[in-house]
Amino acid sequence: MVREEVAGSTQTLKWKCVESRVDSKRLYYGRFILSPLRKGQADTVSIALRRALLGEIEGTCITRAKFGSVPHEYSTIAGIEESVQEILLNLKEIVLRSNLYGVRDASICVKGPRYITAQDIILPPSVEIVDTAQPIANLTEPIDFCIDLQIKRDRGYQTELRKNYQDGSYPIDVVSMPVRNVNYSIFSCGNGNEKQEILFLEIWTNGSLTPKEALYEASRNLIDLFLPFLHAEEEGGQYTYTIGPFE
């Protein structure tokens, strides 16, 4: 709840979650309402929140995999149905939940024949797999299969230049975007100068956090972004402020 002074009167803004559901382990949905807003405010709030939700929320992903002596990512490994490239694509789809920072190590070490799923990943403390049934590879023969993995928390979409690694280590394109989609709709009510707006916000996430958690984080990121302007001091006709420290 936020109180806003408008032309000598007090306007109380309220928000609430009007719908919340789990469609699958990797798809959460939430619908929120914010009201009453003055004419034009709903657009301002919705555009800023949508951009922050889609681009500023951090996620944890597998960023690198090491197979051993594999000449290139299109290689096949005896006793494994999938190629190295297919395994990398499957690892890219693994959804992790964690608040860790920096690079962490993980691994897979199993003996076939068997299907390898996300449940077989040996993770560092404080890291959790959202969907343990996500497939990785199918071992068709009684072979020992091990992969060394790197995990990192980041934001946005990042790609690395593909090249052959003699040690069998390959980067994985990172999609650190826990929020899958955001929609909003605006409804107007009242007449003349008393006209107000109601904002409905829909959020879909990948299960690594709830839509409500995503909304909190996006709102906090926006607040932190504008805080320097609130603490600005005028010195010699210029506004100065300090941001940091940066990590």
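In the predicted model, Cys109 and Cys146 form a disulfide, with a separation of 2.4 Å between their sulfur atoms. This pair links distant parts of the chain, 37 residues apart: Cys109 belongs to strand 6 (residues 103-111), whereas Cys146 belongs to strand 10 (residues 144-158). The count of disulfides comes to one. Cys146 is partly exposed, because its relative accessible area of 38% lies between the limits for buried and exposed residues. Two further cysteines were assessed for accessibility: Cys61 is classed as buried, since its relative accessibility of 10% falls under 20%, and Cys189 is classed as partly exposed at 33%.

Asp120 lies in the loop that runs between strand 7 (114-117) and strand 8 (128-129). Despite this loop position, Asp120 is buried, because its relative accessible area of 15% is under the 20% cut-off. The side chain of Asp120 makes a polar contact of 2.6 Å with the side chain of Arg114. When residues up to four places away in sequence are set aside, Asp120 touches Ser107, Ile108, Val110, Arg114 and Tyr115. Arg114 thus appears both in the polar contact and among the residues touched by Asp120.

At the level of the whole protein, the secondary structure consists of three helices and 16 strands. The protein has 247 residues, of which 40% are counted as buried. Of the contacts between residues at least 6 apart in sequence, 67% join residues at least 24 apart. The accessible surface amounts to about 14800 Å², and carbon and sulfur atoms account for 50% of this area.

Notes:
Residues numbered from 1 in each chain as written. Predicted model: local features only at pLDDT ≥ 70, side-chain atom pairs only at ≥ 80, totals over all residues. Heavy atoms only, no water. Helix = DSSP H or I, 4+ residues; strand = E, 2+ residues; numbered from the N terminus. Buried < 20%, exposed > 50% of the residue type's maximum accessible area, 1.4 Å probe, protein only. Contact = heavy atoms within 4.5 Å. Areas by Shrake-Rupley, 256 points an atom, 1.4 Å probe, with all protein chains shown as cover. Polar contact = N/O pair within 3.5 Å; in protein donor to acceptor, adjacent residues only side chain to side chain. Disulfide = S-S within 2.5 Å.
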